[in-house]
Amino acid sequence: MANSVQTIGHKLGRSETRKYSTHPDDPEIKVSLCPCNDPFVNLERLNSFEYEWTRKERSTRPEYKLQRLLGLRDVLNHLLMPRGNFPDYLEADKETRFAVIGFLTFKDAFQLYSSQILFEQVDESRFTLDILDEQIGLSVNIVKIVNVRYIVLKNIVDLPGLLIHSKQLQEQSKDNQQERFHLGKNTLKQITRTMDTEYDRNIAKWIFSVNMSHSQMRKAGVDPQKVVRQTDKNLKIIEECESAVVEAQTKVEQKLKEKTKCIQEKVEERQNQVNKRKRTWDQTVLDELEDEIEDLQNHKAKLEDELKSPDSTSFKLKVIREAKNINEKKRIKRRKLGQGRPNAIDEDEETFVARCIESKATYHDRRKETTMFINRRVKCKNLLKILNKRRADKGKAPLRSTTAIWNRSKPRRLGTIQASRHVGKGLWSCKKPPKAEDLDNENTHHQRFHIKNMKRFLFSSKVPENAQKFAIIESRDDHAFLRPGTSVGFEGSRTQKILTPVAKENAQVLPKYDFPESKMYCAPGAHRMFTMKSVTVDEKEKLVIDSDEHYVFCRPKHYVDSSGNTWANEEMELRHTTDIYHASDSKYSSEFTTLCKRLRDDCFYYLDTNVAEDFKRSGDNEEYTIYEEKRVAHLKRRVELALEQYENLPEKREMEMKTLSDTLRVRDVVKKCVTLHTNLAKSKTVSYHSVQGDHKRLVKSLQKVVTQIEELELPVMKSRQCIRADSGPGVGCGNHEVQFRMAEVARISNADMRIILHGSRGDSGQNEAEQTNSGVSNAVCDGSTIEWEKHKRFENLTSEEIAGLT
């Protein structure tokens, strides 16, 4: 007995126990796998197990297993209850009692079992597995009678008492049984209306009435003649569906074999790489290859197991999907192609719409994507108006459906069911614009709330008015590029639909000349500055735009890229020339104010970047000399340019001119710059003492200019700035160049706060400057090709002159 005790436990798995204990004729009957047919021998066996577990193997057997054994023994003791101790439901017929009861409801047995389990939560599934186990199970059967499960001993059972109990339950269930549902004519109509396809409605009526007489069919609202005609048709469809399942199973098996073969080839390829590169490649790369090989082998094993078990759920689902595709291709359960209402649009009208689209389409030979990007936001009603005008000229009735024309476009995915049902030639196509927004990204909502909080921080009603007037928001965005002479770059709104003719040869094609070339591309940089104010709408505070200004810098993309330097230069130019950065009014003209701001910032920048140690090294190091020479030349050029722009104005105030010449003495600064630059440029290396005096005089003069300009009471600049931008790699707040220029601008403008808020990737449409870019596109281009070739090649030249050209 000791040897058998060591093997006690669930040798079979749960799924195997369920499989082998199910009765082959009735799945509701469970037969215990216990080899003991005599319940008394079974009881002795359980007692011996308890003795062995509690005496000899207490340290190796968990306590909860012993408790489960005791629970099973309590159930068996109750089944072997002696005469006189029986349940109340056997009082009705005491003549039929045996020496033991022999059966018990599953619910009562489970309560006896679970009362012994103290350290573990147990469910009915665990109890069922224990009672049917081949080692510690009971010699019982589990049967179900009138929706009630019983545990019955195999050889000793009070069968009459069990039947009496089941009879009482049957009578009780009859009292509670509802009246049988009657399916009438109206109910059948309501049921068929809920079905989606015509085949489903017909097959439901056919199943309902196929075994009825003609009179019964008429009462149910079904045409008998139609049922007779559909019988052969439905049986044929059922046969075709069954053959489709067989064909699908063959295809699925073939696909699985091909996948397995492909994976095996990949495994061999990776293994050859590992063997060849063991001594040359890094161990990390080899480990990654080993992991990839292991994943491929696991995938291959999974496919092989699926191929060996066609009864598995995944294999069956694949067969169902493949069979469904086969039925769709063969048009089983569907109408014939010739049936249905006539087409509202004929081929001639469809060709006319395609030609209208071609007139606005331009293909560029240097573009990889052959799609027509038109600036106009195309809608269904636009195409409807165009076609109705042609139909009216021909005396035809106008169309009402706005989607009748739109649905004639080429499907996006040719392998879909919708593509197989498509009507028309498909002469044009529609696709989504590039850079579609991703609103499902969690980071998108996070960044949007950052921007909302920043606007509240600057312009909320809780912020004092004297603080709000020093705040401003600047939104920046760089357009991709504009190609001169074409419509490329002016289009691409994110909210429009993009139409393109399918046949590329039918669209207009630009000449393949050297012009326009990539060096001619322009990259417009849009800047939108605005302030906000707080208003109350429906007792809720909302922020609306108060003042708003838009500016666009068109830069040659080939020479001036989008970077932190570019953005800083454009910002300083806007600070000098616009009034939206002013927190107070100016008593001077805008031109003189711009001049003073430029002079002050240029002089301050030179002084702020002036390092005495670097200038001392210019006497010994050629690189420092060239650096200082360039700094002085840049300052001289900036000051002369500012003076030239102001002096060329047609009207100038006399007081401002006097202040410029007598008080500021800017011309003296220019002269000192020229003197220092000349001395530095005399030779590659100069003596520090020879230029020290010139440098000190220049610095002193610049300091005086800065001090005097600040005493002129120019408008106070706004010092709290929030910058909105996209998440570009070259203009990100983590870029070193951007950080450096941000610090320089902050020092020049004496800013209190400067912050850059980048939009999340795929969410650039939320940038306010996008509206500026869209406005540029709408103002410049209507979607068709811009005529840039004003003069034909060799125009007004004779053949002799052309032949003489080099």
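Helix H12 (residues 283-308) holds both Lys300 and Glu304, which sit four residues apart, about one turn of the helix. Their side chains meet in a salt bridge, with 4.0 Å from N to O. Keep in mind as you look around that this is a predicted model. Salt bridges make a handy starting point here, and a search of the whole structure finds 34 of them.

**Salt bridges, one by one**

- Back in helix H12, Glu304 counts as partly exposed because its relative accessibility is 29%, between the 20% limit for buried and the 50% limit for exposed.
- Glu768 and Lys455 form another salt bridge, and their closest N and O atoms are 3.1 Å apart.
- This pair ties together distant parts of the chain, 313 residues apart: Glu768 is in the loop between strand E13 (753-758) and H28, while Lys455 belongs to helix H18 (residues 442-459).
- Glu768 and Lys455 are both buried.
- A salt bridge also joins the side chains of Glu573 and Arg598, at 2.6 Å from N to O.
- Here too distant parts of the chain are linked: Glu573 lies in helix H20 (residues 564-577) and Arg598 in helix H21 (residues 590-608), 25 residues apart.
- The two partners fall into separate classes of accessibility: Glu573 is partly exposed, with a relative accessible area of 28%, whereas Arg598 is buried, with a relative accessible area of 10%.
- Salt bridges with shared partners also connect Glu474, Arg476, Glu571, Arg575 and Arg754 into one network.
- As general background, side chains of opposite charge can pair when their charged atoms come close.

**Strand E7 and its partners**

- Strand E7 (residues 471-478) is mostly covered, with seven of its eight residues buried.
- E7 runs parallel to strand E12 (residues 720-725), and five bridges join the two.
- Within that pairing, Ala471 has Arg720 of E12 as its bridge partner.
- E7 is also joined to E10 by six bridges, and these two strands run antiparallel.
- Arg476, a member of the salt-bridge network above, has His527 in E10 as its bridge partner.

**Lys533 in strand E10**

- Lys533 is found in strand E10, which covers residues 522-537.
- Lys533 counts as partly exposed because its relative accessibility is 38%.
- Setting aside neighbours within four places in sequence, Lys533 is in contact with Lys542, Leu543, Val544 and Asp546.
- The C-alpha atoms of Lys533 and Gln468 are separated by 8.6 Å, although these residues are 65 apart along the chain.

**A four-stranded sheet and its helices**

- An open sheet is built from four strands in the order E1-E3-E4-E2, with antiparallel pairing.
- Its edges are strand E1 (30-31) and strand E2 (103-105), each of which pairs on one side only.
- E1 is joined by two bridges to strand E3 (residues 140-145), and the two run antiparallel.
- One residue pair to find on screen is Val31 with its bridge partner in E3, Asn141.
- Helix H5 (residues 106-114) lies across E2, E3 and strand E4 (148-153), and runs at about 85 degrees to E2.
- Helix H6 (residues 124-131) lies across E3 and E4, at about 25 degrees to E4.

**A nonpolar surface patch**

- Phe794, Leu797 and Leu805 make a nonpolar surface patch of about 270 Å².
- Phe794 lies in the loop between helix H28 (769-780) and helix H29 (799-803).
- Phe794 is partly exposed, with a relative accessible area of 41%, so it passes the 30% cut-off for patch residues.

**The whole protein**

- The protein has 29 helices and 13 strands.
- Of its 806 residues, 38% count as buried.
- The protein exposes about 49000 Å², of which carbon and sulfur atoms supply 49%.
- Among contacts with a separation of 6 or more, 72% involve residues 24 or more positions apart.

Methods. Residues numbered from 1 in each chain as written. Predicted model: local features only at pLDDT ≥ 70, side-chain atom pairs only at ≥ 80, totals over all residues. Heavy atoms only, no water. Patch = residues over 30% accessible without salt bridge, like charges linked within 9 Å, V, L, I, M, F, W, Y side chains within 5 Å. Areas by Shrake-Rupley, 256 points an atom, 1.4 Å probe, with all protein chains shown as cover. Buried < 20%, exposed > 50% of the residue type's maximum accessible area, 1.4 Å probe, protein only. Pairing = 2+ DSSP bridges. Contact = heavy atoms within 4.5 Å. Axes fitted to C-alpha atoms, helices over the stretch in contact; angles between N-to-C directions.
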